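Please read the following account with the sequence and the coordinates side by side, since it moves from helix packing to single residues and back again.

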Amino acid sequence: MSTSEIYSPGLEGVIAGETDISTVTGGLRYRGYPVTELAAKSTFDEVAYLLLHGELPTRAQLGAFNKRLAAAQSLPSLISDVLKKVPDGAVPMDVVRTAVSMLAHFDPEIGDESHDANLRKSECLLAQIPLIIGEYHRARKGLPAVSSRPELGFAANQLYLLTGKPPSEFDARAFDVSLILYAEHEFNASTFTARVVTSTASDLHSAIVAAIGALKGKLHGGANEKVMDMLQAAGGPDQAEAWIRGALARKEKVMGFGHRVYKHGDVRAGILKEYARQAAERTGNTKWEQTAAIIERVLTEEKNLFPNLDWPAGRLFHALGLEVPLYTPFFVASRVTGWCAHVIEQADHNRLIRPRARYTGPDERHVKPIEQRG
Ligand SMILES: CC(C)(COP(=O)(O)OP(=O)(O)OC[C@H]1O[C@@H](n2cnc3c(N)ncnc32)[C@H](O)[C@@H]1OP(=O)(O)O)[C@@H](O)C(=O)NCCC(=O)NCCS
């Protein structure tokens with residue numbers, strides 16, 4: 001078959017590799033477990049273990065895993081200093097990317113790309129990213145960093161690292177479910193980026209830094225930050241219908257809707273919607289939930305477009321009192337588990353990823369010396 005015959009813009013529908021980690025075929029499953037069941041019956045800590053180690057943990061395995069994460073929960077002082085000194089107005093996703101890149105310099109196993117070393121590096125990153133987010137957030141507010149409280153569980157600890165207060169049980173569980181749903185998603189753009197970097201025999205930190213860069217874009221993870229901007233632009237339930245119809249007439253992309261793979265709805269969005277609704281009710285302000293319901297109805301009726309996970313996630317994080325520029329960094333804190341699992345899998349069965357392009361440039365022509373080019 002010639003290259004042109006198998007060309008698919010955006011690699012849509014192309015099987016670009018094999019994976020044991022998750023599938024979207026027949027409903028999203030992580031290592032065989034439906035995400036609906038994981039969201040109902042497990043915690044993010046268990047899911048992180050599942051993705052990295054292949055099986056759901058026993059109590060003893062989870063205890064040992066949590067101990068290893070707790071032991072890794074501190075940042076080199078140089079990184080803490082940088083987090084305090086980045087210029088005002090820096091984008092938190094960029095700061096997370098820089099800090100993860102710096103962590104490579106402190107990795108005691110740099111240069112060792114073995115399976116076991118990569119697993120240890122993955123656990124360290126999982127432990128340290130919440131600290132980066134927490135320390136940077138508090139530094140921007142002129143607040144001192146707080147020490148990690150790993151006994152709270154991953155999700156509650158991330159919230160604690162921001163506020164210095166343990167969250168309510170509801171807030172912790174709602175955030176925990178969002179992390180479960182964000183953890184892994186087959187060959188999405190950032191995971192594929194991580195696999196491409198790994199396929200060149202580069203290192204795990206380089207792959208994760210590249211993946212963070214890919215996730216930042218608003219067509220991917222960056223969409224969860226745009227959701228609140230959009231709801232605010234819509235104004236409220238009274239103006240929402242006119243606003244969304246106007247946006248459609250202007251052919252604007254509505255953030256939090258549509259998906260490359262899910263053309264009939266994203267099961268994750270349905271799960272998190274319930275938490276977003278309850279979280280808003282608990283604040284006593286359901287304005288954005290009502291606004292969202294109107295936008296959702298119009299987009300489904302008019303364009304057959306359904307919400308993706310970022311749609312309820314943006315609203316949930318807002319109702320939990322979290323600041324918008326942290327939303328995509330939270331996605332990083334979770335998705336690093338999926339990325340690392342893919343890096344390890346790619347490294348274990350590596351073949352350089354190097355596709356071909358369909359050439360659309362000029363036909364062959366010949367070089368005139370510069371004096372003859374006019
Ligand atoms: C995710 C996304 C990039 C997938 O894009 P894709 O698979 O390339 O889908 P297409 O761009 O081919 O979309 C098909 C049609 O739906 C429209 N569409 C898709 N998503 C849309 C959206 N969010 N708002 C408005 N229209 C949208 C496209 O404009 C296109 O319409 P057309 O056929 O009239 O040109 C796209 O849906 C999008 O930009 N969504 C908003 C960003 C977002 O929420 N990202 C998070 C993804 S998890």
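In this predicted model, helix H2 passes helix H6 in a right-handed crossing. The two axes come within 11 Å and cross at roughly 155°, and because angles over 145 degrees count as roughly antiparallel, H2 is roughly antiparallel to H6. On the side of H2 the contact is made by Phe44, Ala48, Leu52 and His53, which meet Leu119, Ser122, Glu123 and Leu126 in H6. Sorted by class, the residues of this contact divide into five nonpolar, two polar and one charged.

Helix H2, which covers residues 44-53, also packs with helix H8, residues 169-182, and here the angle is about 15° while the axes lie 9 Å apart. H2 and H8 are therefore roughly parallel to each other, and their crossing is left-handed. Phe44, Asp45 and Val47 in H2 meet Asp176, Leu179 and Ile180 in H8, a contact whose residues divide into four nonpolar, no polar and two charged. Phe44 thus appears in the contact with H6 and in the contact with H8.

Helix H6, residues 115-140, has a further partner in helix H4, residues 77-85, and the axes of these two come within 8 Å and cross at roughly 40°. That angle makes H4 oblique to H6, and H4 passes H6 in a right-handed crossing. The residues that meet are Ser80, Leu83 and Lys84 in H4 and Ile132, Glu135, Tyr136 and Ala139 in H6; by class, they comprise four nonpolar, one polar and two charged residues.

What, then, covers the buried residues of helix H15? The helix runs over residues 310-319 and is mostly covered, with nine of its ten residues buried. These buried residues are Asp310, Trp311, Pro312, Ala313, Gly314, Arg315, Leu316, Phe317 and Ala319, a list in which the charged residues Asp310 and Arg315 stand beside nonpolar ones such as Trp311 and Leu316. Their cover includes H8, H11, helix H13 (267-283), H14 and H16. Just after H15, Gly321 takes a positive phi of about 85°.

Helix H16, residues 327-348, is one of the elements that cover H15, and Gln346 is found in H16. At 6% relative accessibility, Gln346 counts as buried, because the cut-off for that class is under 20%. When residues up to four places away in sequence are not counted, Gln346 touches Arg195, Thr198, Ser199, Arg351 and Ile353.

Two of the helices that cover H15, namely H11 and H14, are also included in what covers the buried residues of helix H12, where H11 spans 223-234 and H14 spans 287-303. H12 itself has 13 residues, 237-249, and reaches 19 Å from its first C-alpha to its last, close to the 18 Å expected at 1.5 Å a residue. Which residues of H12 are buried? They are Ala240, Trp243, Ile244, Gly246, Ala247 and Leu248. An α-helix has 3.6 residues a turn, so residues three or four places apart point the same way; with that in mind, the reader may compare the positions of Ala240, Trp243, Ile244 and Ala247 among the buried residues of H12.

Gly246, found in helix H12, has 18% relative accessibility and for that reason counts as buried. The C-alpha atoms of Gly246 and Ala189, which are 57 residues apart along the chain, are separated by 30 Å. Just after H12, Lys251 takes a positive phi of about 60°.

Backbone angles of this kind deserve a separate look. Most residues other than glycine have a negative phi. Leu11, although it is not a glycine, has a positive phi of about 55°; Leu11 lies in the segment before strand S1 (22-23), and at 45% relative accessibility Leu11 counts as partly exposed. Arg31 is likewise a residue other than glycine with a positive phi, in this case near 50°, and its place is the loop between strand S2 (29-30) and strand S3 (33-34). Is Arg31 buried or partly exposed? With a relative accessibility of 24%, Arg31 counts as partly exposed.

Terms used:
Residues numbered from 1 in each chain as written. Predicted model: local features only at pLDDT ≥ 70, side-chain atom pairs only at ≥ 80, totals over all residues. Heavy atoms only, no water. Helix = DSSP H or I, 4+ residues; strand = E, 2+ residues; numbered from the N terminus. Expected span 1.5 Å × (residues − 1). Buried < 20%, exposed > 50% of the residue type's maximum accessible area, 1.4 Å probe, protein only. Contact = heavy atoms within 4.5 Å. Axes fitted to C-alpha atoms, helices over the stretch in contact; angles between N-to-C directions. Parallel < 35°, antiparallel > 145°, perpendicular 65-115°, else oblique. Left-handed = near helix turned anticlockwise from the far one by under 90°.
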